[in-house]
Every structure is written in structure tokens, then in C-alpha cells.
Amino acid sequence: MTTELTVDEAAQVRLWHRVSQFLFREARLLDEWRLREWYDEMLTHDIRYSVPATDVRGETADALGLIDDDAARLRQRIEQLLNGEVWCENPRSRTNRMISNVEILTDRGTHLDVAANVIVYRFGHGRSDAYVGKCRFELVVEGESFRVRRRVVVLDHETLYEHAKLSIIL
Amino acid sequence: MTIEPQRPVGDPIVVDDFERLSFRVDRRAYTDDDLAARETTMIFDRCWLYVGHESEVPGPGSYVARDVGGRPVVMARGSDGVIRVFANSCTHRGALICSQPAGRARSFRCPYHDWTFSIQGDLVGVPIPDGYGPGFRKADFGLARHRSDSYRGFVFVTFDPEQPRTLTEYLAGATEYLDLIDDQSEVGMEVIQGAQLHGARANWKLMMENSVDIYHFRALHKRYVGYMESLGSVPPRRRGGFGRALGLGHGANELPPAAARPLAYWTPMFGAEVRPRIEATAARFVDRFGAERAERITGTNRAVLIFPNLMIIDAIAITIRKIDPVGAGQMAITSVALAPKDEDPDIRELRKSHYLTFLGPAGFATPDDIEIVESCQRGYLNRTVRYSDLSRGMNKEVPETTDELPAREFWRQWDRLMHGDDGHLEVAHRGEMQGAEAR
């Protein structure tokens with residue numbers, strides 16, 4: 001015998017499923033280097049993408065981070081990556097993003113705050129690296145789908161000593 | 001380990017031939033494990049080494065723990081306000097007495113047996129003291145204090161009790177550049193929270209060379225130059241610039257800015273809103289220092305190499321880059337941003353933003369520097385080509401920034417120290433002119 005979901009629970013499962021599918025698609029586009037599609041179709045025009053410093057642990061407004069891109073600089077990052085101008089991504093590395101622990105923290109109707117864990121494996125130029133982090137997304141609801149307005153990846157590494165650099169989009 | 005000559009006479013690593021205007025470095029200098037071990041004893045155990053900036057230990061009890069010259073140390077400000085640098089190792093059995101990278105404390109307690117040391121380094125607590133005889137004196141077991149000193153807020157340490165030079169003597173001509181940095185605020189400069197901790201699979205000296213090499217800029221950093229142009233950066237208002245040897249291995253490049261400087265040099269990429277504030281700051285510098293020095297402080301970029309492993313790059317932001325060897329083929333890099341304590345919040349945001357555009361493991365330039373020095377290290381695996389060439393500018397009285405004089409100054413001091421020679425202050429070497437003198 002099965003216990004039926006309440007109406008509220010069913011709505012939550014549907015929302016969680018939509019959010020998860022959205023994040024999985026984002027991961028796939030990034031892994032497939034379909035960066036312009038990702039930028040055009042999945043982000044808001046006021047996107048902010050940040051990776052805080054590893055010795056700060058989390059977002060601190062006053063601190064310097066590793067990445068703090070507005071839309072213009074993110075667009076530039078994408079064009080550089082796709083045009084082969086990024087020395088250390090030419091030839092392109094292969095990446096594989098594992099998204100898990102997707103959790104809707106708050107649902108404000110038009111916006112969702114979402115947490116997820118991510119491991120990004122990167123292979124290329126004789127190296128294999130793994131970036132492990134906790135993501136926070138602010139998603140803007142757009143019909144049945146979403147756009148990302150805020151995208152923060154807090155790395156769990158103490159340092160990027162082994163990785164040397166962070167040349168991909170996490 | 002023994003300190004013996006590890007190569008036969010007549011087989012030098014640095015081949016400095018002014019007659020032929022040729023300067024070559026044997027690539028074993030980047031790959032040889034014995035030479036890397038010898039660098040530890042002949043260079044890092046003897047030189048003054050950068051520990052950190054005074055602003056990182058702002059008040060009594062504040063401390064940072066980090067590795068300097070391969071050794072774990074603690075830099076702490078005592079309750080008396082004095083900054084001391086200690087060996088981060090318990091005098092009892094050796095465990096780290098501080099495992100937090102930074103913080104504030106009244107004392108350090110070794111977790112092994114609870115020996116407790118004051119922030120001044122005195123041993124103040126020993127559990128079960130009746131296990132020691134009457135000859136045991138706590139005063140004999142204080143933390144080992146290293147000889148340290150600071151210049152304009154930059155704290156250095158030396159592990160050589162017989163280091164003959166004071167810090168100021170050791171810094172030689174580089175003090176002029178630390179003055180140009182520290183003069184940027186009347187109330188002092190500070191390290192911005194958030195360090196970029198990364199590395200590279202290459203010999204540490206490659207990153208030192210890279211950091212004073214302007215020749216590579218337009219080739220390797222096309223994407224950064226393109227981005228800056230897209231933001232509306234303007235060509236320098238002055239042409240020129242020059243490289244300098246500053247003595248004892250230190251060197252610098254000085255050049256007109258190709259982009260804005262958050263301190264007091266506005267270009268359209270900063271936006272119209274902050275222009276009046278930045279120009280007002282520039283005017284205050286003219287009042288304080290006179291037009292010529294104000295222009296040098298506010299309207300000039302510089303990259304300063306302080307031997308052996310500190311780089312300060314003052315351009316679109318100021319970065320302090322500490323580069324530590326980890327054997328021959330790996331380095332650790334610590335980069336932080338330095339800024340005026342009293343900086344306008346909007347301008348601080350611009351500084352941080354433009355810092356990230358260029359610098360750090362995810363900037364639009366540094367990753368390419370990392371990739372290229374790793375590429376050099378890989379290239380050295382083919383031992384057929386024995387030497388790297390660093391002769392650019394030996395044919396000129398005033399070497400330009402695209403020449404390699406600062407790197408030669410680094411290598412000449414490296415060579416002297418590796419031979420057990422203490423180095424000497426004369427900057428002009430075998431006829432090579434110092435940029436400043438010829439200027």
C-alpha cells in the first residue's frame with residue numbers, strides 16, 4: 001500500500017524536479033562547452049558569478065575572492081574560452097560536473113534560493129583536477145523554467161595549490 | 001646536509017658574458033634537485049624573507065601562521081604592540097603551537113601536552129610541573145624567536161643569526177619602491193582579506209622571472225589586453241619606462257600605466273561617477289609630494305622583485321606575491337591585495353574588481369602565466385637545449401621594460417649566494433648600467 005502525497009508535497013516534488021532538471025541542464029551545457037547557450041538561455045542579464053577565496057570560507061562583501069564576474073566580464077570570459085584565447089584551455093579541457101544535494105532553501109514565489117553540492121572534474125594538459133564546492137543559486141522563476149541571477153561556488157579546498165589555476169567556469 | 005660545490009669549476013650555471021652581450025642560465029637551475037636543496041641552505045636559510053604585512057596583525061594578540069622559507073612560523077603582535085616572529089614549534093616535543101592560519105589569542109597552547117605560551121612567546125604553563133627537577137626553568141623554553149624587522153609595514157625575517165645586513169641594508173635600492181607603495185596612504189596601507197592561494201608545477205624562479213618580464217605582455221596576455229581595450233582603456237599618456245637593477249638581487253620595472261589606477265589615475269574604464277573623487281585624490285598627492293613625485297606615486301606602474309621570493313606589482317591594483325619553492329619542480333604562490341586603509345568604498349570595489357580581472361588563479365592573465373611557466377618546465381625535459389637566454393637590453397645604457405635587466409640582477413645574486421659569496425652592493429655589473437643613473 002502506498003501513501004499518497006499531499007497536494008503540497010506533490011507541488012514541492014514537482015518544483016524540486018524542475019529545479020534539478022534546470023541545474024543538470026546547466027551542468028551539461030557547461031560540460032559540452034555550449035557556453036553562449038548557457039549565457040543566453042539560463043542566466044539573467046544582471047547575473048553575478050562569484051567564487052570566494054579559499055581562506056575566507058563563504059561570502060564576505062569586503063573580501064577579495066577568486067572570481068566576481070558581472071554579466072559583461074562573464075561574457076568576456078566565455079568569448080575568450082571559446083575563441084581559444086585562453087592558453088590553458090586550448091585545447092579545451094574535458095570536464096564532468098556532478099551536481100547533488102539539491103535543496104530549495106526558500107521559495108519566494110518569483111525567486112528561489114537553491115543550494116547544491118558540486119564536484120567538477122577537469123582533465124587536460126596532462127593534468128587531472130577536481131574542484132569540490134558548495135553552490136548557492138538565486139533562481140528567477142520564468143514560466144515553467146528559471147534563470148540564474150546569482151551563482152556562488154564556495155570551494156572546500158584549503159588552497160588551489162594542486163590545481164594551480166581555475167581556468168574553467170565552475 | 002653538507003654545503004659543497006656541486007658542480008665542477010668551469011661548468012657554471014649562470015654564464016654572464018658582457019663582452020658578447022650574452023647572459024645564459026643553464027636549465028638545470030630549474031630542474032636539478034640538488035640545486036634546489038642547495039637553494040634552501042644558501043639562499044632561504046640566509047636571506048631576509050618576507051613574512052607578511054603589519055596590517056595582518058592589527059592589534060595586540062592578533063597573529064598569522066604561515067610557512068616562510070619552508071619553515072612554519074607565527075607572526076604575532078604582543079600585548080606590548082611589538083610584532084614578533086616565532087618558530088611554530090613547541091619547545092617541548094615540536095608540535096605546531098598554532099594550527100589556525102590567523103586569529104586573535106592571548107596565548108598559544110600546544111595540543112600535545114598543553115604547554116602554553118604567551119603571545120610574547122614566553123612559556124607560561126606546564127602541566128604537572130613536579131616532573132621536572134630544580135634546574136628546569138620556564139625561561140629556557142620560550143618559543144624560538146626569529147630575527148625580524150619591518151620596513152614601511154612589510155615584515156621580514158631571517159633565519160641566519162649571522163646575517164650581516166640590517167633589513168634596510170639588505171633591501172638596498174628596493175626601499176625606494178616600498179616607499180612609493182607605502183606613501184599611497186597617510187594612514188597606512190592594509191592587506192585586503194582574502195588570499196589567493198595557488199601554485200604551479202614549475203620551478204619558483206620561473207615565476208620570479210615572469211613577474212618582472214614585460215616582454216611577454218602583448219604576446220601571452222592578448223586576451224587581457226583585448227578586454228581592457230573593450231573597456232575603453234586609453235594608451236599611456238607618456239611613453240617609455242625602464243628596467244632597473246636595485247642591488248643585492250632586487251630589480252624593478254617602472255612604466256606609464258596603460259589603464260586606470262584606483263589610487264589616483266582615472267581613465268574612462270572607471271566610469272564618470274568616481275572621476276571627481278579620483279582627481280581630487282591626485283591633487284592631494286601633488287600638494288603632499290610635489291608634482292614630480294606625485295606623478296611617480298599615482299601615475300606610474302611598477303613591478304618590484306625583492307630577492308629572493310617577493311614580488312610587489314603596483315598597477316591596476318597592488319598585489320603582494322610570495323613565491324615559495326617546493327622542490328625543483330613545484331611552487332606555492334600566495335597573493336594578496338594591498339590598498340590604502342582609508343580608501344573610498346566605491347573605489348575599493350573598483351580596485352578589487354580590476355584586481356580579479358587580471359590577477360589570481362582565475363583572472364584573465366595569471367592563469368596564462370602559470371600555464372607558460374609550467375610549459376617551460378616541461379620544455380626543459382628535453383635536455384638538448386641547455387641554456388635559457390636572458391640577454392635582452394645588455395646592449396643598452398638604459399634597458400627598457402621589455403628588456404631583462406631585473407631578471408639578470410636576480411640571477412647574479414642567486415649565483416653569488418649559491419657560491420657562498422655574500423653578494424655586494426654595486427649594482428652596475430661588468431659595465432651594465434643602472435637604469436636610474438642613466439635616466
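**Exercise 1. A salt bridge within chain A**

With which residue does A:Glu79 form a salt bridge, and how far apart are the closest N and O atoms?

*Solution.* This is a predicted model, in which local features need pLDDT of at least 70 and side-chain atom pairs count only at pLDDT 80 or more, whereas totals for chains, interfaces and linings use all residues. Residues are numbered from 1 along each chain as its sequence is written, chains are lettered from A and ligands numbered from 1 in the order in which they are written, and side-chain values use heavy atoms, with hydrogens and water left out.

Step 1. Apply the criterion: a salt bridge is a side-chain nitrogen of Lys or Arg within 4 Å of a carboxyl oxygen of Asp or Glu. The partner of A:Glu79 is A:Arg36, with the closest N and O atoms 2.9 Å apart.

Step 2. Place both residues, taking helices (H or I, at least four residues) and strands (E, at least two) as DSSP runs numbered from the N terminus. A:Glu79 lies in helix 3 of chain A and A:Arg36 in helix 2 (residues 35–42) of chain A, so the pair ties together parts that are 43 residues apart in sequence.

Step 3. Assess accessibility, where buried means under 20% relative accessible area, exposed over 50%, and partly exposed in between (1.4 Å probe, protein chains only). A:Glu79 is buried at 19%, and A:Arg36 is partly exposed at 35%.

**Exercise 2. Salt bridges of chain B**

Determine where the salt bridge between B:Asp182 and B:Arg152 is located, and state whether B:Asp324 and B:Lys322 are buried or exposed.

*Solution.* Step 1. The side chains of B:Asp182 and B:Arg152 meet at 2.8 Å, N to O. B:Asp182 belongs to helix 4 of chain B, and B:Arg152 to the loop between strand 11 (145–151) and strand 12 (154–158) of chain B, 30 residues apart.

Step 2. B:Asp182 is buried, with a relative accessible area of 14%, while B:Arg152 is partly exposed at 29%.

Step 3. B:Asp324 forms a salt bridge with B:Lys322 at 2.7 Å between the closest N and O atoms, and both residues are buried.

**Exercise 3. A buried arginine without a salt bridge**

Describe the surroundings of B:Arg77.

*Solution.* Step 1. B:Arg77 lies in strand 5 (residues 71–77) of chain B.

Step 2. Search for an opposite charge, counting Lys and Arg as positive and Asp and Glu as negative, with His and the chain ends not counted. B:Arg77 is buried yet has no salt bridge; B:Glu54, the nearest side chain of opposite charge, is 4.8 Å away.

Step 3. Examine other partners. A polar atom of the B:Arg77 side chain lies 3.0 Å from the backbone oxygen of B:Gly81. Beyond its neighbours within four places in sequence, B:Arg77 is in contact (heavy atoms within 4.5 Å) with residues including B:Val57, B:Pro58, B:Ile83 and B:Ile119.

**Exercise 4. The interface of chains A and B**

How many residues does each chain bring to the contact, and which three residues of chain A supply 26% of the area it buries?

*Solution.* Step 1. The contact takes 33 residues from chain A and 36 residues from chain B.

Step 2. Buried area is the accessible area (1.4 Å probe) that two parts lose on being put together, summed over both. The two chains bury about 3000 Å² between them, 54% of it on carbon and sulfur atoms. A:Leu64, A:Arg73 and A:Tyr161 supply 26% of the area that chain A buries against chain B, more than any other three residues.

Step 3. The count between the chains is 3 salt bridges. One joins B:Glu374 to A:Lys165 at 3.8 Å between the closest N and O atoms. Both residues belong to a salt-bridge network that also includes A:Glu89, A:Arg122, A:Arg127, A:Asp129 and B:Glu371.

**Exercise 5. Backbone geometry**

Which peptide bond leading to A:Pro91 is cis, and where does B:Ala172 lie?

*Solution.* Step 1. Most residues other than glycine have a negative phi, and most peptide bonds are trans.

Step 2. The bond from A:Asn90 to A:Pro91 is cis, with omega near 5°; A:Pro91 lies in the loop between helix 3 and strand 3 (94–107) of chain A. The bond from B:Phe307 to B:Pro308 is also cis, with omega near 0°.

Step 3. B:Ala172 has a positive phi of about 50°. B:Ala172 is found in the loop between helix 3 (167–171) and helix 4 of chain B, and is buried at 17% relative accessible area.

Step 4. A:Asn101, in strand 3 of chain A, has a positive phi near 55° and counts as exposed at 51% relative accessibility.

Notes:
A polar contact is a pair of N or O atoms within 3.5 Å; within protein, one must be able to donate a hydrogen and the other to accept it, and residues adjacent in sequence count only if both atoms are side-chain atoms.
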